[in-house]
Amino acid sequence: MNPQSIKRSLFAALFFIAASTSLFAQKFEELAQTPPMGWNSWNTFQTNIDEPLLKGMVDTYVSSGMRDAGYTYFVLDDGWMAMERDKDGNLVADPKKFPNGMKAFADYVHSKGLKFGIYNCAGTKTCAGYPGTRGYEYQDARLYASWGVDYLKFDWCNSEGINAREAYTTMSKAIRAAGRPMIFSLCEWGQNQPWKWASGVGQLWRSTGDIWAGFEKNLSKGSWTALSVLTILDKQDSIRQYAGPGHWNDPDMLEVGNGMKYNEDKAHFSLWCMLAAPLMAGNDLRKMSDETKSILTNKEVIAIDQDALGIEGFRFYSFDGLEIFIKPLANNELAVCFLNRSNHPQTVTYNWKDHAVNDAISKTNIDFNKTTYKLRDLWAKKDLGTTDKVFRQVIGADDVVMVRLGK
Ligand code: GLA
């Protein structure tokens with residue numbers, strides 16, 4: 001090679017490296033511009049997962065219309081691993097549960113047009129006692145990338161003495177170094193105020209402890225307490241300014257279809273959408289009732305969650321068990337959710353013109369004396385007239401009415 005062509009090859013190689021690095025950087029930056037949507041194995045199955053069961057779930061994900069409604073990720077939670085790493089320190093899928101290995105399962109998920117997610121923990125062991133990632137961050141990230149993982153949920157058990165910000169930052173760097181864009185879901189239960197530092201580390205962070213399928217009351221699990229939908233809801237108000245495209249507060253996965261009443265499931269789903277929460281279904285899709293399906297696949301309600309502005313809604317009014325949540329949307333539209341958390345039906349009589357909406361975080365200022373909006377009831381799926389008219393509806397106990405205000 002003459003000096004001229006060496007120069008040219010060098011230049012081409014440098015150009016290639018620069019272009020691919022910036023392409024990867026760009027791909028990482030584009031992740032989760034709206035809250036991630038998917039399904040996770042934990043809420044129904046805990047560690048009782050295996051390939052035949054999960055393949056059935058993947059098939060139903062598609063045939064039930066979940067994929068078409070916008071759900072994309074299929075995430076395996078705790079319990080997918082063998083109890084020990086192999087002789088080279090690599091994690092291994094449990095050979096009994098996944099006889100064909102994890103790459104084959106990831107390929108199956110991808111073949112159905114879905115993205116594949118997996119779970120591990122920043123500590124020495126996962127919450128269920130499987131090998132944790134501590135000390136193996138780069139090795140594990142490379143393994144996940146080689147399997148085609150698109151999403152990593154990273155837990156916080158057995159992490160005594162570790163600094164959360166450092167541990168999650170190390171894993172975040174490891175994922176980037178492995179080169180495959182993956183959503184990074186921090187799961188340290190809001191203990192170290194991740195909303196203050198995790199934007200840029202991952203795309204979502206849990207804001208509280210674990211949810212259970214209860215609407216009002218928490219559930220004692222002995223050494224810890226599982227939180228109800230309303231308990232989690234009440235912990236979100238003060239952190240909404242930290243959420244936005246690419247970085248979301250995560251009030252935990254959905255319990256829709258896991259034992260609550262229809263109205264409670266509907267309220268839970270509506271409120272999570274008002275919060276711009278990640279929507280990770282956690283029910284047995286193969287046994288989903290028509291009611292459950294109608295909740296999880298209500299595209300007009302999902303559109304509130306997925307609105308491009310990415311503003312987390314807020315509690316606008318609260319009196320005597322009746323609450324009003326407002327979520328500013330793109331194009332100066334609004335979502336409004338009336339929640340009745342009392343134990344008896346209540347009649348809402350609401351004159352829009354008496355209540356201007358002013359929200360400093362989204363810079364929303366609406367005076368209904370100056371602007372008239374059309375109202376759309378998102379559960380009844382019907383138009384309700386305009387904000388020039390007083391809104392009146394009876395709302396059942398632990399139920400919601402959710403409307404979209406459009407032009
Ligand atoms: C923690 C997490 C849950 C789940 C379990 C798995 O409790 O918060 O979401 O991942 O661990 O063991």
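Two residues are in contact here when heavy atoms of theirs lie within 4.5 Å of each other. With that in hand, welcome to this predicted model. A good place to start is Asp-234, which touches Arg-315 and Arg-341 once residues up to four places away in sequence are set aside. Asp-234 lies in helix H8. Its relative accessibility is 37%, so Asp-234 counts as partly exposed. Asp-234 and Arg-315 are 81 residues apart in sequence, while their C-alpha atoms are 9.3 Å apart in space.

## The whole protein

Let us step back and look at the protein as a whole. Its secondary structure comes to eleven helices and 20 strands. Along the principal axes, the C-alpha atoms fill a box of roughly 80 × 60 × 45 Å. For 407 residues, a compact globule would have a radius of gyration near 22 Å, and the 23 Å of this protein agrees with that.

How much of the protein is buried? Buried residues make up 54% of the 407 residues. The accessible surface comes to about 17500 Å², and carbon and sulfur atoms hold 51% of this surface. Among contacts with a separation of 6 or more, 68% join residues that are 24 or more positions apart.

Charges come next. There are 46 positive and 47 negative side chains, and the centres of these two sets lie 5 Å apart.

## Two domains

The domain assignment gives domain 1 (28–305) and domain 2 (314–406). Between domain 1 and domain 2, the contact takes 26 residues from domain 1 and 23 residues from domain 2. The centres of the two domains, taken over C-alpha atoms, are separated by 31 Å.

## A walk through some loops

Several residues in loops are worth a visit. The table gives their places.

| Residue | Loop between | Citation |
|---|---|---|
| Gln-46 | helix H2 (42–45) and helix H3 (51–63) | |
| Gly-65 | H3 and helix H4 (66–69) | |
| Asp-78 | strand E2 (73–75) and helix H5 (101–111) | |
| Ser-238 | helix H8 (229–234) and strand E9 (248–250) | |
| Asp-320 | strand E11 (314–319) and strand E12 (322–328) | |

Take Asp-78. Is Asp-78 buried or exposed? Asp-78 counts as buried because its relative accessibility is 1%, and the cut-off for buried is under 20%. Leaving aside neighbours within four places in sequence, Asp-78 is in contact with Trp-42, Gln-46, Thr-47, Ile-49, Tyr-119, Thr-126, Cys-127, Ala-128 and Tyr-130. Gly-246 is 168 residues away from Asp-78 along the chain, and the C-alpha atoms of the two are separated by 25 Å.

One of those contacts of Asp-78 is Gln-46. The relative accessible area of Gln-46 is 32%, so this residue is partly exposed. The backbone of Gln-46 also deserves a look. Most residues other than glycine have a negative phi. Gln-46 is not a glycine, yet it has a positive phi of about 45°.

Asp-320 offers another such case: although it is not a glycine, its phi is positive, at about 55°. With a relative accessible area of 54%, Asp-320 is exposed, the cut-off for exposed being over 50%.

Gly-65 has a relative accessibility of 19% and therefore counts as buried. In sequence, Gly-65 and Leu-296 are 231 residues apart, and in space they are 9.6 Å apart, C-alpha to C-alpha.

The last stop is Ser-238. Which class does Ser-238 fall into, buried or exposed? At 54% relative accessibility, Ser-238 counts as exposed. Ser-238 and Val-109 are 129 residues apart in sequence, with 37 Å between them in space, C-alpha to C-alpha.

## Looking back

As you turn the model, Asp-234 in helix H8 and its contacts Arg-315 and Arg-341 make a handy starting point. From there you can move on to the loop that holds Ser-238, between helix H8 and strand E9. You can also visit the loop with Asp-320, between strand E11 and strand E12, and finish at Asp-78, which is buried.

Terms used:
Residues numbered from 1 in each chain as written. Predicted model: local features only at pLDDT ≥ 70, side-chain atom pairs only at ≥ 80, totals over all residues. Heavy atoms only, no water. Helix = DSSP H or I, 4+ residues; strand = E, 2+ residues; numbered from the N terminus. Rg over C-alpha atoms; globule rule 2.2 N^0.38 Å. Buried < 20%, exposed > 50% of the residue type's maximum accessible area, 1.4 Å probe, protein only. Areas by Shrake-Rupley, 256 points an atom, 1.4 Å probe, with all protein chains shown as cover. Lys, Arg positive; Asp, Glu negative; His and termini not counted. Charge placed at Lys NZ, Arg CZ, Asp CG, Glu CD. Domains from an automatic or database assignment.
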